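Please examine the sequence and the structure shown below. The paragraphs that follow lead through selected parts of the chain.

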Amino acid sequence: MTISLSPAVSPASVTPEREAALLASVPTGLLINGQWREASDGGTFDVHDPATGEVLATVASATSEDALAALDAADAVQASWARTAPRVRAEILRRAFDLVTERAEDFALLMTLEMGKPLAEARGEVTYGAEFLRWFSEETVRDYGRYLTTPEGKNKILVQHKPVGPCLLITPWNFPLAMATRKVAPAIAAGCTTVLKPAKLTPLTAQLFAQTMLDAGLPAGVLNVVPSASASGISGPLLADPRLRKVSFTGSTPVGKKLMANAAGNVLRTSMELGGNAPFIVFEDADLDKAVEGAMAAKMRNMGEACTAANRFLVHESVAQEFTAKFAAAMGSLATGRGTDPSTQVGPLIDGGARDDVHALVSAAVDAGATAITGGAPVDGPGYFYQPTVLGNVPNDADVLRQEIFGPVAPVTTFATEEDAIRLANASEYGLASYLYSRDFNRLLRVAEQIEFGMVGFNAGVISNAAAPFGGVKQSGLGREGGSEGIAEYTTTQYIGIADPYAN
């Protein structure tokens, strides 16, 4: 099956007919051993448009039997794929990059339809997601080993990296393309075969991506895709099967802990990118206009539905009033609507439950003494929209500062000293992303060394990049994605001791 390319279109040209044609072109079955097929029991589930609540498509729902069939396919070709020349693997990834780039409008519109983000943001995700394909196509041929002499000079040491084996890749709903490419690309580069389980809420982008990988020349069985209404029905039997050698998961910390416990039975390699509670620290010497610009980027990318989203705004007491006023004015000016509307800047949240959770956090904070400077309520009408919100005077013990918000809500609290800022930043079980704003570079370095986060932005509100290692500490997970570290997550290290060839 080959997907026909659609011509580039502007946001204004997105019509119901264009949406329907795109949806009709996307595979809705399971991809097992290079073939699209129905679920073994004929089961399906619906995918909804969060802007309207209407059904977009009906997708096959994989069973446990289907999951094992996907692993059968992956295991059957693991040895041959591992022996495939690195350059061949690299060229497939590069062709996939080219195809995703050519099909950017299809991918962007599909993400907007099933996830809700504005088309401009969806296009940005296509660029970001495709870059993992290009980056790891380049890293494929640079997975270096070592050859050296032992310190006492009696033997030689040969170190090589081998693919870990068949991998289960579980992706979240918030970045449907980028989270797939960020896992699939390094696995393929390393020589691993894969079973991809996309999120139930947004599986369509992964389906189109999988077909694109086949169109790029990926052999049958290297990438298998099993969308399902039952996440445990897929992960349970796969994690219990000794043929599986790795699981990579992006999602909530509670689910990640369960997967890690299940993975322990077979001592699987695990990569876990879990929850976040990112502090955004504004010191008294910061450029406030740039800080507000960075705050908008760090908070409102993806409507705040990102693990890297700024969750706590810690502002020095001397500039808190000015910063909050400017920040609230910028947030209050954003236009909310369906992502296909060219005037939309803020799309819907993913479903009604997500919107209810966000509003509960806001309501509890206001009841505890916080002030809704702008926003603070759901948007009336169809879909799952929430007003961009800035909360001032937020008590330090409010749940909105302790829980991951995953919505367009920015709580602001104050600090008095650098030490206070560090203490407040570290007062979280999470440690993924963080953001610091100051003109004093020495201060930025001091604080970065003392805060417990895997990623730190200096005067920058967006820091994710395919060339950089993405990941956190504490209950934000383990392992890294992207950078040279990303491919290492899919390899094992083998040491070969060699008798000294010069010994008599």
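A residue is called buried when its relative accessible area is under 20%, exposed when that value is over 50%, and partly exposed in between. The structure shown is a predicted model.

The definition can be applied at once to helix α6, residues 178-190. Of the 13 residues of α6, 13 are buried, so this helix is largely enclosed by the rest of the structure. Its length can also be checked by simple reasoning. The expected span of a helix is 1.5 Å times one less than its number of residues. For the 13 residues of α6 the expected span is therefore 18 Å, and the C-alpha atoms at its ends are 18 Å apart, which agrees. After α6 comes Gly191, whose phi is positive, near 100 degrees.

Strand β10 offers another example of a covered element. This strand comprises residues 246-250, and five of its five residues are buried. What lies on the two faces of β10? On one side are Lys246, Ser248 and Thr250, and on the other are Val247 and Phe249; all are buried, and both faces are thus covered.

The partners of β10 may be considered next. Strand β7, residues 167-170, pairs with β10 in the parallel sense over four bridges. Within this pairing, Cys167 has Lys246 of β10 as its bridge partner. Strand β11, residues 269-273, also runs parallel to β10, and five bridges join the two. Here Ser248 has Ser271 of β11 as its bridge partner. Between β10 and β11 the chain passes through helix α9, residues 253-263, and this β-α-β crossover is right-handed.

Cys167, named above, leads to the matter of disulfides. A disulfide is a covalent bond between the sulfur atoms of two cysteines. How many disulfides does a search of the whole structure find? The search finds zero. For Cys167, the nearest cysteine sulfur is that of Cys192, 4.0 Å away, and Cys167 is in no disulfide. The cut-off explains this result, because a disulfide is counted for a pair of cysteine sulfur atoms within 2.5 Å. Cys192 is likewise in no disulfide, its nearest cysteine sulfur being that of Cys167 at 4.0 Å. Cys167 counts as buried because its relative accessibility is 1%. Cys192 is also buried, with a relative accessible area of 0%.

Attention may now turn to empty space. Rolling a probe the size of a water molecule over the atoms shows where empty space is left. The largest pocket has a volume of about 1100 Å³. It is lined by 46 residues, of which Trp173, Phe249, Gly251, Ser252 and Val255 are the closest to its centre. Phe249 has already appeared on one face of β10. The elements that give two or more residues to the lining are β7, α8, β10, α9 and α12. Which of the elements provides the largest share of the lining? That share, six residues, comes from α9.

A further pairing of strands involves β3, residues 44-48. Phe45 and Val47 make up the covered face of β3, whereas Thr44, Asp46 and His48 make up its uncovered face. Strand β4, residues 55-60, pairs with β3 in the antiparallel sense over five bridges. In this arrangement Phe45 stands opposite Val59 of β4. The two strands form a hairpin with six residues between them, and Gly53 in the turn has a positive phi of about 85 degrees.

The sign of phi deserves a further look. Most residues other than glycine have a negative phi. Asn33 is not a glycine, yet its phi is positive, about 55 degrees. This residue is found in the loop between β1 and β2. Asn33 is partly exposed because its relative accessible area is 40%. Asn459, also not a glycine, has a positive phi of about 50 degrees. Its place is in the loop between β19 and β20. With a relative accessibility of 40%, Asn459 counts as partly exposed.

Finally, sequence and space may be set side by side. Leu22 belongs to helix α1, residues 16-25, and is buried, with a relative accessible area of 3%. Leu22 and Leu109 are 87 residues apart in sequence, while their C-alpha atoms are 8.4 Å apart in space.

Methods: Residues numbered from 1 in each chain as written. Predicted model: local features only at pLDDT ≥ 70, side-chain atom pairs only at ≥ 80, totals over all residues. Heavy atoms only, no water. Buried < 20%, exposed > 50% of the residue type's maximum accessible area, 1.4 Å probe, protein only. Pairing = 2+ DSSP bridges. Right-handed = clockwise from strand over helix to strand, strands pointing away. 1 Å grid on protein atoms, 1.4 Å probe; cavity = no way out; pocket = protein on both sides within 12 Å on 5 of 7 lines; lining within 4 Å. Points joined across faces, edges and corners; volume = space filled by probe spheres on them.
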